[in-house]
Amino acid sequence: MPLYIRIGLAVAIALIVSFVATPGVKWFAKRIGAMDVPKDSRRVHKSPIPRLGGLAIFIGFVLSVVLFADITRQIQGILIGTVIIVAVGVLDDLMQLHAAIKFLVQIIAALVAVYFGVIIDTFSNPFVFSAAEYVHLRSFSIPITVLWIVAITNSVNLIDGLDGLAVGVSTISSIVMLIISLMVSDVNVAVIMAALAGACLGFMPFNFNPAKIFMGDTGALLLGYILATMSILGLFKFYAVVSFAAPFLVLALPLVDTMFAFLRRLLKGQKPWSPDRGHFHHRLLDMGLSQKQAVVILYAISGVLGLAAVVVATSDEIRALILIAAIIVAAIIVFFVYKGKKKG
């Protein structure tokens with residue numbers, strides 16, 4: 001089967017299955033009481049909305065992967081870890097698990113992926129003027145891999161605060177990783193990212209403002225875990241054309257938001273995982289923007305960073321310039337955050 005037909009089918013099947021499954025998942029969520037009730041200032045919706053929408057994304061994604069991807073040992077590990085992550089997400093959407101329990105399960109899921117060979121052992125040197133082209137992690141490879149997977153998994157979950165935000169940013173990241181995988185001829189990663197993008201696109205019509213269903217922790221943790229593990233296979237691999245910056249640019253928005261959240265809470269003497277109303281999307285709302293406007297701005301930032309990742313992957317000569325551009329974008333994000341804080 002020609003590559004582009006395979007990728008097109010992976011997108012189409014995941015999209016159709018996710019789209020068709022979402023109304024059924026919505027009915028099921030209502031039936032078992034998996035509802036998101038607006039009970040604090042962090043939530044911007046006014047009435048109870050069903051959760052568990054991530055199940056529809058999961059069904060569409062897994063079916064498409066099984067049909068069109070090569071199920072290697074590494075992909076087996078990722079799929080097993082995905083099932084673990086989805087299971088804890090469903091339980092959390094039903095009964096609000098303690099943060100420590102979710103964190104422990106995320107570590108277990110990360111270790112499952114590592115056991116099956118999903119590991120960061122070598123990446124291109126971030127110091128562009130260094131004589132050493134690559135950095136070899138050696139004994140640090142396992143802890144750094146686990147840290148990366150858990151960090152990305154949580155970061156996507158933390159930005160899931162506005163209708164369509166997390167699923168849209170994840171779609172953009174998936175498409176960027178798909179493009180880069182095609183550029184380096186990594187067909188299997190490209191097919192899997194196509195499946196994830198399709199599953200997200202099938203769910204998005206139900207999640208745009210005003211949302212009819214939320215994907216909940218089931219979906220946010222799922223998307224974060226897949227993006228984290230697949231970035232290891234598709235962006236950290238031993239390719240001379242892919243620089244150290246690429247995976248960080250692709251996932252910069254959720255990563256930077258998570259970093260700010262942890263620092264903000266620690267400076268306030270709070271636990272790092274304590275919820276608050278200080279994320280980027282909250283700051284944009286405090287500036288007077290509507291949900292749709294805030295989401296579009298964050299889509300645009302994610303898209304620009306994704307484009308930078310693609311450029312990094314195509315030309316090592318301008319890597320330093322792209323890193324500078326990324327810093328400028330980060331500075332703009334910081335400006336929005338603190339301007340919003342002053343007005344809030």
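Helices here are DSSP runs of H or I with at least four residues, and strands are runs of E with at least two, both numbered from the N terminus. With that in hand, here are my notes on this model, which is a predicted one.

1. **The nonpolar patch.** I would begin at the surface, where W27, F28, I32, L91, L94 and M95 make a nonpolar patch of about 580 Å². Helix 1 and helix 3 each supply at least two of the patch residues. I32 belongs to helix 1, and its relative accessibility of 36% makes it partly exposed, because the partly exposed class runs between the 20% limit for buried and the 50% limit for exposed.

2. **Helix 3 and what follows.** The geometry of helix 3 agrees with expectation: at 1.5 Å a residue its 23 residues should span 33 Å, and the end C-alpha atoms are indeed 33 Å apart. Just after this helix, Q96 takes a positive phi of about 55°. You may like to look at that residue on the display.

3. **A tilted aromatic pair.** How many aromatic pairs does the structure hold? There are two. In one of them, the ring centres of F19 and F206 are 5.1 Å apart and the planes meet at 45°, so the pair counts as tilted; the tilted class takes the angles left between stacked, under 30 degrees, and edge-to-face, over 60. This pair links distant parts of the chain, since F19 is in helix 1 (residues 3-32) and F206 in helix 7 (residues 187-207), 187 residues apart. The two partners fall in separate burial classes: F19 is partly exposed at 41% relative accessibility, whereas F206 is buried at 15%.

4. **An edge-to-face pair with a charge nearby on the ring.** The rings of Y115 and F116 have centres 5.4 Å apart and planes at 80°, so this pair is edge-to-face. Y115 is exposed, with 61% relative accessibility, while F116 is buried, with a relative accessible area of 14%. Y115 has another partner to look at: the charged end of R73 sits over its ring, 5.3 Å from the centre.

5. **Helix 7.** The helix that carries F206 deserves a closer look. Of its 21 residues, 18 are buried, so helix 7 is mostly covered. Its length checks out too: the 21 residues should span 30 Å at 1.5 Å a residue, which agrees with the 30 Å between its end C-alpha atoms.

6. **Salt bridge D70 to R6.** The structure holds four salt bridges. In one of these, D70 pairs with R6, with the closest N and O atoms 3.7 Å apart. The two residues come from distant parts of the chain, 64 residues apart: D70 is in the loop between helix 2 (54-68) and helix 3 (73-95), and R6 is in helix 1. D70 is partly exposed at 44% relative accessibility, but R6 is buried at 16%.

7. **Salt bridge R51 to D36.** Here the closest N and O atoms are 3.8 Å apart, which falls within the 4 Å limit for a salt bridge. R51 lies in the loop between strand 2 (49-50) and helix 2, and D36 in strand 1 (residues 35-36), so the bridge ties together parts 15 residues apart in sequence. Are R51 and D36 buried or exposed? Both are buried.

8. **A network around K102.** The side chains of K102 and D92 meet in a salt bridge at 3.3 Å, N to O. K102 is in helix 4 (residues 99-115) and D92 in helix 3, 10 residues apart. Both ends are covered: K102 is buried with a relative accessible area of 15%, and D92 is buried at 3%. Which residues are joined into one network by salt bridges that share partners? They are D92, K102 and D217.

9. **A contact towards the later part of the numbering.** My last point concerns I301, which is placed in helix 12 (residues 291-314). I301 is buried, with a relative accessible area of 13%. The C-alpha atoms of I301 and L253 are separated by 7.6 Å, although the two residues are 48 apart along the chain.

Key: Residues are numbered from 1 along each chain as its sequence is written. This is a predicted model: local features need pLDDT of at least 70, side-chain atom pairs count only at pLDDT 80 or more; totals for chains, interfaces and linings use all residues. Side-chain values use heavy atoms; hydrogens and water are left out. Rings of Phe, Tyr and Trp (its six-membered ring) pair if their centres lie within 6.5 Å; planes under 30 degrees apart count as stacked, over 60 as edge-to-face and the rest as tilted. Buried means under 20% relative accessible area, exposed over 50%, partly exposed in between (1.4 Å probe, protein chains only). A charge sits over a ring if NZ of Lys or CZ of Arg is within 6 Å of the ring centre and within 35 degrees of the ring normal. The expected span of a helix is 1.5 Å times one less than its number of residues. Patches are made of residues with over 30% relative accessible area and no salt bridge: like charges are joined within 9 Å, nonpolar side chains (Val, Leu, Ile, Met, Phe, Trp, Tyr) within 5 Å. Accessible areas come from the Shrake-Rupley method with a 1.4 Å probe; for residues, only the protein chains shown count as cover.
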